[in-house]
Structure formats: structure tokens, C-alpha cells
Amino acid sequence: MSLITQDDRLIVALDLPSAIDAHQLTMKMGDAVSFYKIGLGMLTTGGLALAQELKHEHGKRVFLDMKLFDIGATVEAAVRGLAQFDLDFLTVHGDPHVVRAAKEGAGGRDMKILAVTILTSLDRADLDASLIKEGEMQALVLERAGRAFDAGADGVIASPQEAKLIRDLPGAEGKLIVTPGVRPAGAALGDQKRVATPAMAIADGADHIVVGRPIWQAPDPVQAARDVLAELPKR
């Protein structure tokens, strides 16, 4: 297992059709990327096995993006099972009872529980259609982030547009902010609605940015990842 020396602020989302495709990409990326996200869509095609291989055989960091939501006992049991794989990040929805159950299930392991505030693919019209209470998007994100921190979340998932506001919350000290919805300058938005460039997201307080299609759909994914890293402010 190699030691990770690369800039782990970039998390590459492996939102490919299958774990085989994702594995081929990670082998191609080599040392250019040290942190990968594996989502729910890949779980039934070998995603969990790939997560373990990347972590324990190739020395990568792994973010398991499951966005768990259920009654507390079920969330706790699911997280307890996932925690045994010693992965780095796991997402749950930011409802306080879900966060508390997830932290209980994690049992003090190093795996960080990240709470989803409001999905970056949603806007106010989507919230209205889902009967979510009235209010400006940013205000709702801040409220959910604060409640998640109070419930014990190690960090939150939020759009780059809310990163600075969350970083300024009283309960945000020492917490992680991970931002999907990041698009390099000139990249297509895809299904994301609340976006920013990599440099903007980090400058506004994000610890990690998540980038998927702009990297793995590029003619040269390795160079695309390097270009994103080159955009980030120096540490």
C-alpha cells in the first residue's frame, strides 16, 4: 500500500455505469488522484468491493455516498455494518435523528459521518414540489447544517454557494465541508443547479470538492484531474 501524498482536496466521483468501468478509470488515473467517491448507483454492481480494493490495496481514500435515510435503528445498523470496512466518509441525510443514529453506528471509528443539507441538483421549485417548508434556499441549508452539527455530524455536504455561510456558523469549527456541484471553468453544468469553480469552492471554505463527469468524460481524464488541482489555491 502506498502512502497518499497527493492533494486530497479533490474527490473524483465514480458515477460510471459499473464498478468494472470505475476500476478501469482508477487504474488509468494512477497517482493523479488520491480520493474517490462511490455512490448508491454503483452499490449493486460491485461498488462496495471496489471501495475496499481502493482503500486497502491501493492506499486511496474513499467516500461512500449512500445518503442513508430511515428510522434510527435501521440507520444505526447499516452504518455499523459499513464502518467495519474502515472507509473515510459516509453520507446520511441531515435530519438530526438520522445523524445521531449514524454516529452511534459508527461506534467511534475514523469514518466521518457527513450530513446532506439540500441536494445540489435541487432548487426552490423542487423543494416546493416536495412540500418542503417555505424559505430561501440558503437559509434552509444553513438551518439544516446547524442542526446536523448539533446532532454530532462530522461535516456536511453542501453546494459551493453555501460553503462560506456554513463555515461561519458557530458550530462549524473543526467540521468538514464537502462540496459537489463543482465545475471547472467552461464545463457543462449537467444536472447541477448550484455550482462554482474549484478555486471558488475552496476559497469559500470547502475542505474537499467533488468532481465527476468533467474528469471521467474528458478525452484525457488524468490531465483533466491535474487541471482541476491546478485551479485550487495553494495550501
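Two strands count as paired here if DSSP finds at least two bridges between them. The model on screen is predicted, and this tour goes through its barrel strand by strand, with stops at two helices.

**The closing strands**

Start with strand β8, residues 208-211. Its partner on one side is β7, joined to β8 in the parallel sense by two bridges. Select Thr-179 and Ile-209: Ile-209 in β8 is the bridge partner of Thr-179. Next add strand β1, residues 10-13, which pairs with β8 in the parallel sense over three bridges. Within that pairing, Val-12 stands opposite Val-211 of β8.

Now colour β8 by burial. Side chains in a regular strand alternate between the two faces of the sheet. In β8, His-208 and Val-210 lie on one side, Ile-209 and Val-211 on the other, and all are buried, so both faces of this strand are covered.

**The whole barrel**

Select the strands together. Eight of them close into a barrel with parallel pairing, in the order β1-β2-β3-β4-β5-β6-β7-β8. Neighbouring strands of this sheet are turned by 25° against each other on average, direction ignored. For another pair, go to strand β6 (residues 155-157) and strand β7 (residues 176-179), where three bridges make a parallel pairing. Val-156 has Ile-177 in β7 as its bridge partner.

**Around β3**

Move to strand β3, residues 61-68, of whose eight residues six are buried. Strand β2 (residues 35-39) runs parallel to β3 and is joined to it by five bridges. To see one of the pairs, select Lys-37 and its bridge partner in β3, Phe-63. Then show helix α2, residues 47-56: with β2 and β3 it makes a right-handed β-α-β unit.

On to strand β4, residues 89-93, which pairs with β3 in the parallel sense over three bridges. Leu-68 stands opposite Val-92 in β4. From β3 the chain crosses through helix α3 (residues 72-83) to β4, and this β-α-β crossover is right-handed too.

**Helix α3**

Does the length of α3 agree with its residue count or depart from it? At 1.5 Å a residue, its twelve residues should span 16 Å, and the end C-alpha atoms are 16 Å apart, which agrees. Select Val-75, Val-79, Leu-82 and Ala-83, which are buried in α3. These residues cover an arc of only 100° around the axis, which puts them on the same side of α3. An α-helix has 3.6 residues a turn, so residues three or four places apart point the same way. Show what surrounds the buried residues of α3: they pack against α2, β3, β4, α4 and β5.

**Helix α4**

Last, select helix α4, residues 96-106, which packs on the sheet and touches β3, β4 and β5 (112-116). The direction of α4 makes about 150° with that of β4.

Which residues of α4 are buried? They are Val-98, Val-99, Ala-101, Ala-102, Gly-105 and Ala-106. Look down the axis of α4: its buried residues fall within an arc of 165°, so they line one face of the helix. Their cover includes β3, α3, β4, β5 and α6 (137-150). Finish at Gly-107, which follows α4 and has a positive phi, near 60°.

How values were computed:
Residues numbered from 1 in each chain as written. Predicted model: local features only at pLDDT ≥ 70, side-chain atom pairs only at ≥ 80, totals over all residues. Heavy atoms only, no water. Buried < 20%, exposed > 50% of the residue type's maximum accessible area, 1.4 Å probe, protein only. Helix = DSSP H or I, 4+ residues; strand = E, 2+ residues; numbered from the N terminus. Right-handed = clockwise from strand over helix to strand, strands pointing away. Axes fitted to C-alpha atoms, helices over the stretch in contact; angles between N-to-C directions. Contact = heavy atoms within 4.5 Å. Expected span 1.5 Å × (residues − 1). Arc of directions from axis to C-beta.
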